[in-house]
Amino acid sequence: MKAIITAALVLGSLFTQGQDSLGFKPTEHGTRYKIISTGTGAPLAYGHFFEFTYVMRYKDAQKDSVLHSSEETSNSMAILDTVSTPAYIYNIFIQCRNGDSVIMQTLVDSAYYGAPIPNGFSRNGYLSSGYRIINVYTDKAKADSVYQLLSTIAQQKAVAKAKVQAAADDKTIEDYLSAKGINAVKAPMGTYIETLVAGKGGKIDNNVEVLVNYTGRTLAGKVFDSNTDPAFGHVEPISVKMGEPSVIQGWLEGLPYFAQGGKGRLYIPSRLAYGTQGAGSDIGPNEVLIFDVEVLKVISPKAPVAPVAPKKAPAKKPVAKKPVKKAVKKK
């Protein structure tokens, strides 16, 4: 609630009598919005489905960059109701018609209140989202059919984009290795492994648990995590159960190239690390990472103990019956 009030007060300074000079209006959520209406399409109503295009941007005094766009994926589909739609969003779109556009802006400080600000963002910057309604459906079956088509288009574009990014990551890593004179082996999925010490202990496969020391950094040399540097607050070895993955894919592919006692570096393409989203403020979208790793111990699963058959109780010997003495009559 405090974040909403603070953002509303800051945004309030941009408005004159509830609306700024560019036609934006405030919401109690801390977002300001503007509807650009054509005035010709059918009005949206509760329960309607609507197809729309979108562009999401980040803006500040020095930067204006596109974060996401339907051109990169496909058009989106939504239902206008008060169950799946936040109240402030519902109150904006219920004013719209087919063909209208909506622009919404939120201060970064409000959008990420209580969470780390993404790398490259300023607290004084803002997130801007633009939407254009291109179709309205009152029939759920028709909306579902269109949604399936849009999902197929998005999947095809994602596959094509991933191939382009994979090629770019490979070139980035290979150029780095070449410039540094580093010999590394490329694993099938795309992780590059530089072996410093191969190790002589237990081998690593999907059946073992591995204790590892590590330091992670970017190609630029920025260290973002380590369990050997006390500055990061966790100096205990990390446990990796290879058959129950809880780490990035690049680790799972690279660690089997070492045995117990092994040391080396993993050069991990973004698709096998944190992908298009990045992680925190130090790892940007589509960022290649380097991990220094040391395999401290390989713990093999314990062999199952064969069940012990219960011992049979010894057979009881039959008890001999004592002969019954007959009474002898006295003469």
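**Core.** I looked first at the largest nonpolar core of this predicted model. I took a nonpolar core as a set of buried Ala, Val, Leu, Ile, Met, Phe, Trp, Tyr and Cys residues joined through side-chain atoms within 4.5 Å. Buried means under 20% relative accessible area, exposed over 50%, and partly exposed in between, with a 1.4 Å probe and protein chains only. The largest such core has 25 residues, and those with the most contacts inside it are Ile 204, Met 242, Trp 251, Leu 266, Ile 268, Phe 291 and Val 293. Strand S10 (209-218), helix H5 (249-254), S13 and strand S14 (289-299) each supply at least two of its residues. S14 gives the largest share, 5 residues. Helices (H or I, at least four residues) and strands (E, at least two) are DSSP runs, numbered from the N terminus.

I then listed the contacts of Trp 251, with contact meaning heavy atoms within 4.5 Å. Leaving out residues up to four places away in sequence, Trp 251 touches Val 212, Tyr 214, Ile 238, Val 240, Pro 256, Leu 266, Ile 268, Phe 291 and Val 293. A second, separate core has 15 residues, including Ile 92, Phe 93, Cys 96 and Val 102.

**Conventions.** Residues are numbered from 1 along each chain as its sequence is written. Local features need pLDDT of at least 70 and side-chain atom pairs count only at pLDDT 80 or more, while totals for chains, interfaces and linings use all residues; side-chain values use heavy atoms, without hydrogens and water.

**Confidence.** I checked pLDDT, the predictor's confidence in each residue, from 0 to 100. The chain averages 86, and 85% of the residues score at least 70. Among the elements, helix H1 (residues 2-12) has the lowest mean, 32, and strand S13 (residues 263-268) the highest, 98. Over residues 1-18 the pLDDT is below 50, and this stretch has 24 contacts beyond near neighbours in sequence. Residues 326-331 are also below 50, with 0 such contacts.

**Whole chain.** I noted 5 helices and 14 strands. Of the 331 residues, 34% count as buried. Among contacts with a separation of 6 or more, 67% are between residues 24 or more positions apart.

**Strand pairing.** I count two strands as paired if DSSP finds at least two bridges between them. Strands S8 (residues 185-186) and S9 (residues 192-197) run antiparallel and are joined by 2 bridges. Lys 186 stands opposite Tyr 192 in S9. Their hairpin has 5 residues between the strands, and Gly 190 takes a positive phi near 130° there. S9 also pairs with S13, antiparallel, over 5 bridges. Here Glu 194 stands opposite Arg 265 in S13.

**Helix H4.** I compared the length of H4 (residues 140-180) with the expected span, 1.5 Å times one less than its number of residues. The 41 residues should span 60 Å, and the end C-alpha atoms are 58 Å apart, which agrees. Its buried residues include Val 146, Leu 150, Asp 169 and Asp 170. Gly 181 follows H4 with a positive phi near 65°.

**Two serines.** Ser 76 lies in strand S5 (residues 76-79) and counts as partly exposed because its relative accessibility is 23%. Beyond four places in sequence, Ser 76 touches Phe 50, Glu 51, Phe 52, Tyr 54 and Leu 150. Ser 128, in strand S7 (residues 126-137), is buried, with a relative accessible area of 7%. With the neighbours within four places set aside, Ser 128 contacts Val 55, Met 56, Arg 57, Ile 103, Met 104 and Gln 105.
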